Amino acid sequence: MSKKPSLGRKAALPASPADAKLDRVPNPHPDADYVARFTAPEFTSLCPVTGQPDFAHLVIDYVPDRWLVESKSLKLYLGAFRNHGAFHEDCTVRIGKDLIGLLKPRWLRIGGYFYPRGGMPIDVFWQSGKLPVGVWVPDQGVAPYRGRG
């Protein structure tokens with residue numbers, strides 16, 4: 001967690017995910033099981049082999065415990081992948097693990113729906129923890145890639 005939260009102050013896009021600082025805030029309802037969702041429909045990273053851009057629609061769902069991720073810091077963190085070379089699987093799982101380390105939620109899942117490059121879309125799904133009984137989690141709402149047909 002950063003010592004100077006980005007919320008309420010001007011903040012530049014970090015040069016890399018390693019330079020980004022995720023912030024957390026107290027959960028005002030730690031006694032309740034509920035799902036918080038973040039959707040990033042314009043996520044970008046770079047192919048580590050070719051340097052070509054990769055684009056994805058990310059959906060992050062989690063059941064918080066004591067902490068919530070501060071949304072501006074998450075936006076800056078995700079934006080820091082723009083010039084970062086990593087495979088789709090690495091980006092998706094790293095984001096999930098970084099959020100687990102920061103928040104220690106009751107449950108988290110992330111879906112990385114990458115757009116095709118080289119003719120093949122790659123979707124990556126990762127989760128941690130056990131979904132509490134009775135918690136409603138909506139479908140992530142991202143249609144599978146169908147091409148032009």
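Student: So helices (H or I, at least four residues) and strands (E, at least two) are DSSP runs, numbered from the N terminus. What kind of model am I looking at?
Tutor: It's a predicted model, where local features need pLDDT of at least 70, side-chain atom pairs count only at pLDDT 80 or more, and totals for chains, interfaces and linings use all residues. Residues are numbered from 1 along each chain as its sequence is written, and side-chain values use heavy atoms, leaving out hydrogens and water.

Student: Cool. Let's start with Y77. Where does it lie?
Tutor: Y77 is part of helix α1, which covers residues 71–79.

Student: And is Y77 buried or exposed?
Tutor: Y77 has 2% relative accessibility, so it counts as buried. The cut-offs are under 20% relative accessible area for buried, over 50% for exposed, and partly exposed in between (1.4 Å probe, protein chains only).

Student: What is Y77 in contact with, leaving aside its neighbours in sequence?
Tutor: Skip anything within four places in sequence and you get P17, A20, L22, R94, I95 and D98. Contact here means heavy atoms within 4.5 Å. Have a look at A15 too: A15 and Y77 are 62 residues apart along the chain, yet their C-alpha atoms are separated by 9.6 Å.

Student: R94, I95 and D98, what helix are those in? And how does α1 pack with it?
Tutor: That's α2, residues 88–103, and α1 packs with it at an angle of about 150 degrees, the axes being 12 Å apart. From α1, L74, Y77 and L78 make the contact, and from α2 it's R94, I95, D98 and L99. Axes are lines fitted to C-alpha atoms over the stretch in contact, and angles run from 0 to 180 degrees between N-to-C directions.

Student: So are α1 and α2 roughly parallel or antiparallel?
Tutor: Roughly antiparallel, α1 to α2. That name goes to angles over 145 degrees, while under 35 is roughly parallel, 65 to 115 roughly perpendicular and the rest oblique.

Student: New topic. How many residues are in the largest nonpolar core?
Tutor: It has 26, and the ones with the most contacts inside it are F43, V69, Y77, L78, I95 and L99. Such a core is a set of buried Ala, Val, Leu, Ile, Met, Phe, Trp, Tyr and Cys residues joined through side-chain atoms within 4.5 Å.

Student: Which elements supply it?
Tutor: At least two residues of this core come from each of β2 (36–46), β3 (53–63), β4 (67–69), α1, α2 and β5. The largest share is from α2, with five residues.

Student: What does F43 touch?
Tutor: Not counting residues up to four places away in sequence, F43 touches D54, F55, A56, L58, L78, F81, C91, I95 and F114.

Student: What about S45? Where is it, and buried or exposed?
Tutor: S45 sits in strand β2, and its relative accessible area is 0%, so it is buried. Beyond four places in sequence, its partners include D54, F81, C91 and F114.

Student: Next, P64. Where is that, and what does it touch?
Tutor: You'll find P64 in the loop between β3 and β4. P64 is buried, again with a relative accessible area of 0%. Apart from residues up to four places away, it touches N27, Y34, P105 and R106. Its C-alpha atom is 11 Å from that of P132, 68 residues apart along the chain.

Student: Last one, K104. Where's its place, and what's its phi?
Tutor: K104 is in the loop between α2 and β5 (107–114). Its phi is near 50 degrees, a positive value in a residue other than glycine. At 58% relative accessible area, K104 is exposed.
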